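User: I would like to learn how to read features in a model like this one. Could we take them one at a time?

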Amino acid sequence: MKNQFVTGLLAFLFGGIGLHKFYLGRVGQGLLYLLFCWTGIPSIIGFIEGILIWKKSEQEFQDYLLNKPSEGGSTFNTNSNAYIIIYSAILVVIVAFLLAFVYQALKPMQDANVALDVKKQILYSLNIRDLDGAAAEAKYKEVVKEEGEKDGQKYYLCEIDGEDILVVALKGMGLWGGISGYISIHGDETPTVYGAYFNHESETAGLGAEIKDSQAWQEKFIGKKVFVDGTQDVALSVVKKVEDPATQVDCVTGATLTSNGVNDMIKAGLKDAGKNAVELFLKMQCTKDEPADTTAVEPKAEEE
């Protein structure tokens, strides 16, 4: 004999996992509640069911146990397979609708957060850190003068204290997943690293993850020569044993494979960027040094 108060209490407190259904021996419905417990919908339904069960008279509760319709109620057998299938379908539709609604409602905020994170990473590569959202947005607008993409490579032309700096976006593979980063370069005749920042998706904490977490390791790139003198060949590298301090950075301790991934990413990214980097530096210098043209332009010359 099932107790009405206990049934209502289980529905009220533990309806989210269908405990009251298991108590009544309605295993199919209980499993259904358990399957969708993560959505929170079974908890709401159980809360309502608990109140309705407590409000029933003794006879109504007995009819409920036997799936008998109450006076003026439905004759549908709530313990039947058809009921479980229809109930499941309705619940799936409701959950899908709610998830789609939540996704669409949160998407603008998620996109804004992703964009802000990218801007912060670019600022990190310029040695500008510890800024909150609003301050980072303002600083980014101040220092980044132009964003561009050429041959699939993203560039950011920046200016800090009157100095032109080029930030190059990099992507590669680490030990367990994708890695990415930004390297800022300054110096038009002998380009050197102004700053660097690296990120990862799933590298090992305390080892490969140090490419992101260790600011001290990222700062080792500062001042390193980027290209071989007089060429566009990439000289900057990450190695296990440093032989040329002017161009090489030692790998992260205990994370040789991840460090190799960073090295390959730098080589590939800056190799593709080599010619473009030179062109963009020339563009920055020309824009900076070009005198303002105050003469009027004839219409014919403008058409040509």
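User: Where is Trp54 found?

Analyst: This is a predicted model. In it, Trp54 lies in helix 4, which spans residues 41–55.

User: Is Trp54 buried, partly exposed or exposed?

Analyst: Read the relative accessibility against the cut-offs. Buried means under 20%, exposed means over 50%, and partly exposed lies in between. Trp54 has 35% relative accessibility, so it counts as partly exposed.

User: Which residues make the nonpolar surface patch?

Analyst: A residue needs over 30% relative accessible area to join a patch. Here the patch covers about 1000 Å². Trp54 is one of its members. The others are Phe5, Val6, Leu9, Leu13, Phe14, Ile17, Leu19, Phe22, Val27, Leu31 and Leu34.

User: Which helix gives the most to the nonpolar patch?

Analyst: Helix 1 does, with five residues. Helix 1 (4–14), helix 2 (19–23) and helix 3 (27–35) each supply at least two.

User: Now the sheet. In what order do the strands come?

Analyst: Trace the pairing from strand to strand. Five strands form an open sheet, ordered 1-2-3-4-5, with antiparallel pairing. Strand 1 (144–150) and strand 5 (192–200) are the edges, each pairing on one side only. From one strand to the next, the twist averages 20°.

User: Which helix packs on the sheet?

Analyst: Helix 7, residues 133–143, does. Helix 7 touches strand 1 and strand 2 (153–160), and its direction makes about 75° with that of strand 1.

User: How many bridges join strand 1 and strand 2?

Analyst: Six, in the antiparallel sense. Val144 stands opposite Cys158 in strand 2. The two strands form a hairpin with two residues between them. Check phi in the turn: Asp151 has a positive value of about 55°.

User: And how many bridges join strand 4 to strand 5?

Analyst: Eight bridges join strand 4 (residues 178–186) to strand 5, again antiparallel. His186 has Thr192 in strand 5 as its bridge partner.

User: Why does Leu170 count as buried?

Analyst: Use the under 20% cut-off. Leu170 is at 2% relative accessibility, so it counts as buried. Leu170 sits in strand 3, residues 163–173.

User: What does Leu170 touch, leaving out residues up to four places away in sequence?

Analyst: Its contacts are Gln153, Ser180, Gly181, Ile183, Met265, Ile266, Gly269 and Leu270. Compare sequence with space for one of them. Leu170 and Ile266 are 96 residues apart in sequence, yet 6.9 Å apart from C-alpha to C-alpha.

Terms used: Residues are numbered from 1 along each chain as its sequence is written. This is a predicted model: local features need pLDDT of at least 70, side-chain atom pairs count only at pLDDT 80 or more; totals for chains, interfaces and linings use all residues. Side-chain values use heavy atoms; hydrogens and water are left out. Two strands pair if DSSP finds at least two bridges between them. Helices (H or I, at least four residues) and strands (E, at least two) are DSSP runs, numbered from the N terminus. Axes are lines fitted to C-alpha atoms, for helices over the stretch in contact, and angles run from 0 to 180 degrees between N-to-C directions. Contact means heavy atoms within 4.5 Å. Patches are made of residues with over 30% relative accessible area and no salt bridge: like charges are joined within 9 Å, nonpolar side chains (Val, Leu, Ile, Met, Phe, Trp, Tyr) within 5 Å. Accessible areas come from the Shrake-Rupley method with a 1.4 Å probe; for residues, only the protein chains shown count as cover. A salt bridge is a side-chain nitrogen of Lys or Arg within 4 Å of a carboxyl oxygen of Asp or Glu. Buried means under 20% relative accessible area, exposed over 50%, partly exposed in between (1.4 Å probe, protein chains only).
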